[in-house]
Amino acid sequence: MTPGAVQQLPAWGPLAALAALAVVALSGAMVNDVLAARFSGRRGGGFAPIAEAARLLRQRRRSTVAADELLRRVGVAGLTVAAALKVAVLPVGAWVVSDLAVGLVWFNAMDVLVWAFVWLAGWGQNSVFPLVGGYRFLALALAYELPLMFALTAPAVAAGSLRMGDIVAAQEGLWFVVWMPVAFVVFLAAVLAFSLQRPFTAPMSADITGGVTSELSGVDRFLVLTGRYSLLSAGAGFAVALFLGGGSGPLLPDWLWFLGKTVVLLWLLVALRRRIPQLRPEQLMAPAWVVGLPVILLQVLVVAVVTINGRSS
Amino acid sequence: MSAYLNLAITFAVALVGVGGLYALHQLTAVASNPLVSKPYTSGWIPEQHALSRYHARYYPVTLVFLAFDVEMLFMYPWAVVVPRMGASAVMEMFVFLGVLMAGVVWAWREGAFKWA
Amino acid sequence: MGLRNVLARIAVTRCHVFVAEGYAGAGSRMAVERWIADKGWVEALSPGDADILCICGEVPDDQKDAVERLWDQLPGPRSRIVIAGPEHAGRALDGCVEELLDVDEQFRLEAERTATEPEQDDDGGSDDGDGDTHADMDHEGMNHDGGKDEGSGAAQMNMDHGGMSHEGVDHGGMEMPMPGGIGLAGEGKDRDGLDLDALKVPLGPYLPLWPAGLVLHCELQGDIVLAARTEYAFGRGEELPIGGPSGTERAALVRQSDLVSRLLALAGAAREAAKVRGVRDAALDGAALDECRRSLAASGTRLRRNWLLRRTLQGIGPIPQGGAPGEPGGTDAWDRLLAMLDATVAGTAGAGGVPLGLLPDLVRGVEVSVVRLVVASLDLSPQPAPAVDGRAR
């Protein structure tokens with residue numbers, strides 16, 4: 001019942017996975033710049049990530065007076081590390097770095113860690129705007145986390161397992177997105193939220209002068225910005241594994257399909273988020289709890305009923 | 001077991017990567033020590049440290065969230081077991097969830113979600 | 001090192017510029033914004049993010065300290081420029097690029113900066129309060145003894161052993177040159193009657209997407225404004241120097257579309273904001289006023305259909321009906337946004353700003369982001385003062 005999911009060699013497995021993550025995240029950032037350039041009528045575009053990287057590598061790091069350095073560093077570096085750990089349980093075709101029996105829960109645990117990291121980054125800087133930004137992120141997180149958790153449960157119920165390989169394999173006949181569209185949409189929204197993308201950029205928005213990134217510069221800022229795109233890429237990858245059939249597809253090898261689907265979904269997310277205005281946390285809270293939560297619960301109910309009937313018949 | 005080992009290796013590789021970036025930055029930046037500056041308050045001298053007791057107005061929501069979060073402890077194993085146990089498992093879980101949702105609706109009526 | 005030069009050359013293709021608007025800086029600011037957008041640069045949201053500090057207009061003498069503080073907060077490599085008029089923008093910013101490319105010079109300057117850091121006491125002047133019996137400075141963060149605060153506004157020392165508290169600032173010789181002290185304890189009761197810390201945060205004058213010269217001294221509890229006090233750091237200065245036929249109408253259109261794009265940018269509708277900014281730039285260039293009005297009318301139609309934006313802006317900053325004439329009574333931010341767009345279209349763009357006295361009441365008890373939206377939805381530029389004492393504030 002579990003084809004695929006072969007362990008990688010420990011030596012180069014994680015390296016390959018992280019390199020792939022870096023490449024995919026970079027592609028997302030480049031697409032973002034191409035779209036931005038096209039919108040503002042500039043020629044070219046696509047090199048912004050490289051230019052930003054060069055600028056930030058040149059720029060001196062900053063620290064504020066009486067800042068909580070340890071917490072700040074943990075918060076700043078944590079985003080990228082969380083994305084890396086997520087990718088470790090993601091099955092790319094038939095390969096996975098870590099074939100955890102509870103891979104789905106691990107994914108959830110890592111994006112809950114993002115709560116801590118963003119807040120720590122905001123707190124550690126000892127400045128008003130990052131502090132406000134950090135707490136804003138918690139407000140957003142309280143809104144999206146439960147729908148996300150339930151949206152993760154839906155594929156698990158359908159596959160009867162928490163192992164990522166099993167969930168991918170259970171989509172042999174029909175991709176989950178077809179009969180769990182609500183869960184898919186909620187999952188994508190949550191991916192945008194925990195990677196601090198529009199419409200959930202309130203923790204870093206202009207009205208608090210950059211929020212959590214306000215006092216960061218140099219490699220600290222680089223890590224946060226990279227972390228955002230890495231989380232978005234990892235989330236897109238998981239969306240493919242959970243809902244879009246993983247590596248299934250004709251002709252090409254499954255890892256190529258997987259990467260292709262991830263990249264396409266990532267680019268779609270990058271393009272989509274440019275069009276959505278930013279939400280304030282208090283606008284999201286009530287709708288997420290009062291509308292979002294019942295809807296996703298209904299979805300899980302439907303999935304559970306269908307699964308039981310499917311098994312019994 | 002080797003699954004966890006690989007996770008640990010991934011973690012180590014990620015940390016090494018982050019450390020490597022910091023090391024690279026030492027080489028390429030215009031100054032290797034960080035600039036200690038006052039926090040940005042639009043050009044004014046900050047009168048107070050920002051680290052203070054922050055009033056998180058959404059604290060009622062955290063309590064409701066906690067209830068659901070503990071419930072998720074049951075949800076994940078339940079997801080694995082549902083196909084085997086059948087309709088009874090679904091009924092029990094959704095009765096439980098219904099009770100929790102009633103709590104959410106009450107909290108909403110009490111205005112816990114406003115002024116998030 | 002070759003690597004450093006290569007990095008420098010790549011890095012300056014995308015500079016981040018912190019734009020600080022000084023006295024009579026509106027025209028320069030618009031020119032700078034345009035230049036930044038054309039070159040694909042980024043407007044920095046905070047000095048920590050910036051390579052270039054760009055001051056548009058003049059800096060009044062009493063503001064020179066503030067600008068120096070901003071300059072100090074830029075991490076290297078950095079460059080600074082004062083732009084007196086819109087026509088100088090391009091050349092000045094190119095000069096900044098040259099400075100940024102000079103890698104050796106930047107390294108030397110940063111080394112100098114580092115060398116002077118240990119005595120980072122640049123706010124010199126104020127002396128210590130009474131004798132210091134402060135405990136170790138490690139935990140400024142949190143340990144409050146309940147409520148041992150003297151009056152409002154006093155910065156306070158944190159004592160580990162209770163009973164000793166003194167006002168005043170302390171400097172020098174410690175790792176913490178900040179006026180010592182932490183957020184006030186027990187300063188404000190919030191709407192539930194809880195005793196909570198209140199932080200004093202001044203908003204403006206050098207804040208991105210903020211009216212020039214406006215200062216809003218807020219007391220924040222969490223992110224809600226408890227109380228606010230307004231003042232002007234400097235006056236508005238002359239009108240935008242727009243000549244030619246229908247100059248005043250054009251100037252009004254430019255100013256209104258500037259305000260609209262700022263409000264839209266803060267509300268998160270970046271695409272619309274960019275479009276309105278494009279109309280503003282076109283008007284500055286001398287495009288036909290009718291064209292501009294048509295584009296703005298189209299924007300207005302699009303915005304009316306945008307239900308998410310409407311939900312964001314509706315109910316924000318409601319001004320009660322029946323105030324003094326000149327106050328847009330009975331409106332909230334959404335109405336004012338539409339009114340601004342309609343006024344540009346109809347060519348009846350009003351002259352002066354809204355009296356400042358409204359603002360503290362509007363912002364009491366609302367969140368910081370809502371404060372920004374309220375401020376952006378009002379035309380709060382000070383009435384054009386006569387040139388002779390325009391800078392006297």
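**Strand pairing and packing across chains A, B and C**

Strand β2 of chain A, residues 62-64, runs parallel to β1(B) and is joined to it by three bridges. Within this pairing, A:R62 has B:L35 of β1(B) as its bridge partner. This is a predicted model, and everything that follows should be read in that light.

The strand pairing sits alongside a broader contact that takes 65 residues from chain A and 58 residues from chain B. On the chain B side, at least two residues each come from α1 (2-28), β1 (35-37), α2 (59-85) and α3 (87-109). Of these, α1(B) gives the most, with 18 residues. Sorted by class, the side of chain B that touches chain A has 45 nonpolar residues, 11 polar ones and just two charged ones.

Chain B also touches chain C, in a contact that takes 26 residues from chain B and 47 residues from chain C. Here β1(B) gives the most to the chain B side, with three residues. By class, the side of chain B that touches chain C splits into 12 nonpolar, 10 polar and four charged residues. Strand β1(B) thus turns up twice in the picture: it pairs with β2 of chain A, and it supplies residues to the side that touches chain C.

Taken by itself, chain B has three helices and one strand, and along the sequence these come in the pattern α-β-α-α. Its radius of gyration is 25 Å, well over the 13 Å that the globule rule gives for 116 residues, so chain B is more spread out than a compact globule. The C-alpha trace of chain B spans about 65 × 50 × 15 Å along its principal axes. As for burial, 41% of the 116 residues of chain B count as buried.

Chain A is built from 11 helices and three strands. Going along the sequence, the pattern is β-α-α-β-α-β-α-α-α-α-α-α-α-α. With a radius of gyration of 19 Å, close to the 20 Å from the globule rule for 313 residues, chain A is as compact as a globular protein of that length. Its C-alpha atoms fill a box of roughly 65 × 45 × 40 Å along the principal axes. Buried residues account for 67% of the 313 residues in chain A. Counting contacts in chain A with a separation of 6 or more, 81% are between residues 24 or more positions apart.

One helix pair in chain A shows how the packing works in detail. Helix α4 (residues 103-124) and helix α5 (residues 128-159) of chain A have axes that come within 8 Å and cross at roughly 175°. Any angle over 145 degrees counts as roughly antiparallel, and α4(A) and α5(A) are therefore roughly antiparallel to each other. From α4(A), the contact draws on residues including A:L104, A:N108 and the three tryptophans A:W115, A:W119 and A:W123. From α5(A), the contributors include A:P130, A:G133, A:G134, A:F137, A:M149 and A:A156. Overall, the residues of this contact divide into 14 nonpolar and four polar, with no charged ones.

Over in chain C, four strands make an open sheet in the order β2-β1-β3-β4, with parallel pairing. Strands β2 (42-43) and β4 (79-83) of chain C stand at the edges with a single partner strand each, so one side of each is left without a neighbour in the sheet. Strand β1 of chain C, residues 16-21, is joined to β2(C) by two bridges, and the two run parallel. In that pairing, C:V17 stands opposite C:E43 of β2(C).

Two helices lie across this sheet. Helix α3 of chain C (residues 64-73) lies across β1, β3 (52-56) and β4 of chain C, running at about 160° to β3(C). Helix α4 of chain C (residues 89-101) lies across β3 and β4 of chain C, at about 165° to β4(C).

Further along chain C, the pairing is antiparallel: strand β7 (residues 214-221) and strand β8 (residues 224-232) pair in that sense over eight bridges. Within the pair, C:L216 stands opposite C:T230 of β8(C). β7(C) and β8(C) form a hairpin with two residues between them, and C:G222 in the turn has a positive phi of about 65°.

Conventions
Residues numbered from 1 in each chain as written. Chains lettered and ligands numbered in written order. Predicted model: local features only at pLDDT ≥ 70, side-chain atom pairs only at ≥ 80, totals over all residues. Pairing = 2+ DSSP bridges. Contact = placed C-beta atoms within 7 Å. Axes fitted to C-alpha atoms, helices over the stretch in contact; angles between N-to-C directions. Rg over C-alpha atoms; globule rule 2.2 N^0.38 Å. Buried ≥ 20, exposed ≤ 12 C-beta atoms within 10 Å, placed from the backbone. Nonpolar A, V, L, I, M, F, W, Y, C, P; charged D, E, K, R; others polar. Parallel < 35°, antiparallel > 145°, perpendicular 65-115°, else oblique.
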